[in-house]
Amino acid sequence: MSSEVKVISGKTVAEHNSRESCWIIVHDHVYDVTEFLDDHPGGSKIILKYAGKDATAEYDPIHPPDAIKTNLPPEKHLGRVEAGTVAKVEIKVTDQEKERQLRVNARPPLSEVLNLHDFEAIARSVMTEKAWAYYSSAADDEITLRENHAAYHRIWFRPRILRDVTQLDWSTTILGQKSSMPIYITATALGKLGHPDGELNLTKAAANHGVIQMIPTLASCSFDELVDAAQPGQSQFLQLYVNKDRNIIKRIVQHAEKRGIKGLFITVDAPQLGRREKDMRMKFEEADPDQVSKNDKSKEVDRSQGAARAISSFIDPSLCWDDLPWFKSITKMPLILKGVQCWEDALEAYDQGLAGVVLSNHGGRQLDFAPSGVEVLVEVVEKLGAKRGLTFPNEKFQLFVDGGVRRATDVLKAIALGATAVGIGRPFLYAYSSYGVDGANHALEILRDEFEMAMRLLGARNIKEVVRDMVDASSIHQHIVAVPEDKLYHGNYESMQSVRLREIKASL
Ligand SMILES: Cc1cc2nc3c(=O)[nH]c(=O)nc-3n(C[C@H](O)[C@H](O)[C@H](O)COP(=O)(O)O)c2cc1C
C-alpha cells in the first residue's frame, strides 16, 4: 500500500450503503467490509445497520481498537474520511436511557458498599440492559450459576482458638508470582460493555493491590494496551481461546511470552458457547425486524445470537489432548487448562506435565448442571492423592477454582481444600461498571478487610496455616437446588425471563 493515505468524503462513503457495496467508518478510517459481511463473527446485520456511516460508537465497546485492521486485508483499508463531511450518526437518547442515567446519579457512595454482593445489586440498576444481559447471563436455566455460590454454603469452618493472631499475612505465590491475596482477577470478555475504560480498570486496580489480572483473548482493550498499562513488576496472565488457525495462536502466544506474561490459561470448556438466553433475548429485542428483512432476508436466524455467540465463532471445537504437546513446543510459559470439571481430566493434565488446572464451569455460562469448581476440587485432591501421591496445595501442579466466589471466607474454604488461589470474575465487572477504577479498588479493599477478619477468627496467621482440618466439606456432594423460601440472594439471582410480545405499534 502506498504510504499516502487517500482522503474520502463522507458523501462518497454514504453511497456504499448496501450489501452489494458496504463501507463503514471506524475512528475516521474508511473500510470496505462488503466481502467480510458473512465472515463477521457478530453477523452481517449489525454491520449493515451502519453501512455508509460512522460505526465507531457501536464498534468500540465490543472490539479491541486494532481488530478491524488485523481482520481485513490492507487493500480494504480505503483511506481517511475527510474531516467534517460525515453525517453524525444520530444516537437517540431513549427514555429508558434517561432513566438509567438518573439511577447512575443515585448510586450510593462507595463507603456504603459493604460486600461484593452489593456491587451486583447496584450494577443491575445502573448498567445498560445489553451489558447487564451479557455479564450476568448464564447457560440454560442458570442452575449451575446458582450452584457455584451455593456450594460454598455447604462447606463449614472448624476454627482454631487461642492462637496469637496479632500479625497476619494472607499473601501468597501463584505460579511463582507474588500476590497480596490468594485470588486473581479472572478473564471476562467485552470489558467496555460495562465501562468505557474496560479491562484497564482492572489492570490499574490489580497494580494498586498487588494482585494478578488474567487478560482475556476477547478483551475490549487490546492486549498490548493492557500490558503497557501494567506497572513495573506487575504480573499478568493470559487466557487463550484457541483459534482454528494455529498460526494466529502461535503468534499470540509467543508475543504474550515476549511481553512478559507469566501464565497461559487455555480455555477448554467452550468448544461451543453455551446458550445464555438472557443475552440472546437482548439481541432479539434490539434487532429492528423491518430493517433486518430489508437488508438481509437470507440470514434471519443469526438474530438469535447474543453478544457471546457473536464474538466467539472462531473457537476451534477440534481442540484435544493431542494438541497439548504443540503448545508446550511453542512456549515456556506455564500452561494451565481453564475449565476442568472432573478428576479424570485433572489427572490427564497432570500426566501431560501441565502446570495446573482451573476447576471451573465458566461461571455457569457453558454446560448447565456442570458441578461447581469447589466441589470438583474435593474429588481432584482426593483422587490425585490416591493415584499419584500428590498433596495440595502443590507447587508443581497448582489447582485453581473459580465460580461464585463472593467472600474471603469462600476463598479460604477453597484454600483449605487444596487450591493455590481462586479466580473472581463478575464481582469485578460489576464493581467497575458501577464505579470505574474506584469500584474495582474498593472490591479489592473489601476482600482485604474480609481476609483480615476471617483469618483472625479462623486462627490462621498465614496462608500455610489454612489447612484441610479447618473445613468440613462432608456435605459438598449433596446437591440441593435452592428452595423458593431461600431469599438470601433473591435480590441478585433474577427469575428467568420468558419470551415477550413485541411492542404493539398500531393504536386501537
Ligand atoms: C461476562 C463474562 C465473560 C467471560 N468471558 C470469558 C472469556 O472470554 N474466557 C474465559 O475463559 N472465561 C470467561 N468467563 C468465565 C470467567 O473466566 C470465570 O470462569 C467466571 O466468571 C467465574 O465465575 P464468577 O463470575 O462467578 O466469578 C467469562 C465470565 C463472564 C461473567
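At what angle do helix H6 (residues 116-126) and helix H19 (residues 426-458) pack, and how far apart are their axes? The angle is about 170° and the axes are 10 Å apart; the first legend below shows this pair.

This is a predicted model, in which local features need pLDDT of at least 70 and side-chain atom pairs count only at pLDDT 80 or more, while totals for chains, interfaces and linings use all residues. Residues are numbered from 1 along each chain as its sequence is written, and side-chain values use heavy atoms, with hydrogens and water left out.

**Figure 1. Packing of helices H6 and H19.** Helices (H or I, at least four residues) and strands (E, at least two) are DSSP runs, numbered from the N terminus. Axes are lines fitted to C-alpha atoms, for helices over the stretch in contact, and angles run from 0 to 180 degrees between N-to-C directions. H6 is roughly antiparallel to H19, a class for angles over 145 degrees (under 35 is roughly parallel, 65 to 115 roughly perpendicular, the rest oblique). H6 contributes Leu116, Phe119, Glu120, Ile122, Ala123 and Val126 to the contact, where contact means heavy atoms within 4.5 Å. Residues on the H19 side include Pro427, Tyr430, Ser434, His442 and Leu447. The contact has twelve nonpolar, three polar and one charged residues. Here Ala, Val, Leu, Ile, Met, Phe, Trp, Tyr, Cys and Pro count as nonpolar, Asp, Glu, Lys and Arg as charged, and the others, Gly among them, as polar.

**Figure 2. The aromatic pair of Phe265 and Phe400.** Rings of Phe, Tyr and Trp (its six-membered ring) pair if their centres lie within 6.5 Å; planes under 30 degrees apart count as stacked, over 60 as edge-to-face and the rest as tilted. The structure holds nine such pairs. Phe265 and Phe400 are tilted, with 6.0 Å centre to centre and 55° between the planes. Phe265 belongs to strand E11 (residues 264-267) and Phe400 to strand E14 (residues 398-402), so the pair ties together parts 135 residues apart in sequence. Phe265 is buried at 0% relative accessibility, and Phe400 is buried at 0% (buried means under 20% relative accessible area, exposed over 50%, partly exposed in between; 1.4 Å probe, protein chains only). Ring pairs link Tyr184, Phe237, Phe265 and Phe400 into a cluster.

**Figure 3. The edge-to-face pair of Tyr350 and Phe397.** The ring centres are 5.3 Å apart and the planes stand at 75°. Tyr350 lies in helix H16 (residues 343-351), and Phe397 in the loop between helix H17 (373-388) and E14. Tyr350 is partly exposed at 27% relative accessibility, whereas Phe397 is buried at 0%.

**Figure 4. Charged side chains over the rings of Tyr134 and Phe157.** A charge sits over a ring if NZ of Lys or CZ of Arg is within 6 Å of the ring centre and within 35 degrees of the ring normal. Arg365 lies over the face of Tyr134, 4.9 Å from the ring centre. Lys413 has its charged end over the ring of Phe157, 5.5 Å from the centre.

**Figure 5. Surroundings of Leu238 in strand E10 (residues 236-240).** Leu238 is buried, with a relative accessible area of 4%. Leaving out residues up to four places away in sequence, Leu238 touches, among them, Met214, Phe223, Ile252, Ile261 and Phe265. Leu238 and Ile261 are 23 residues apart in sequence and 6.6 Å apart in space, C-alpha to C-alpha.
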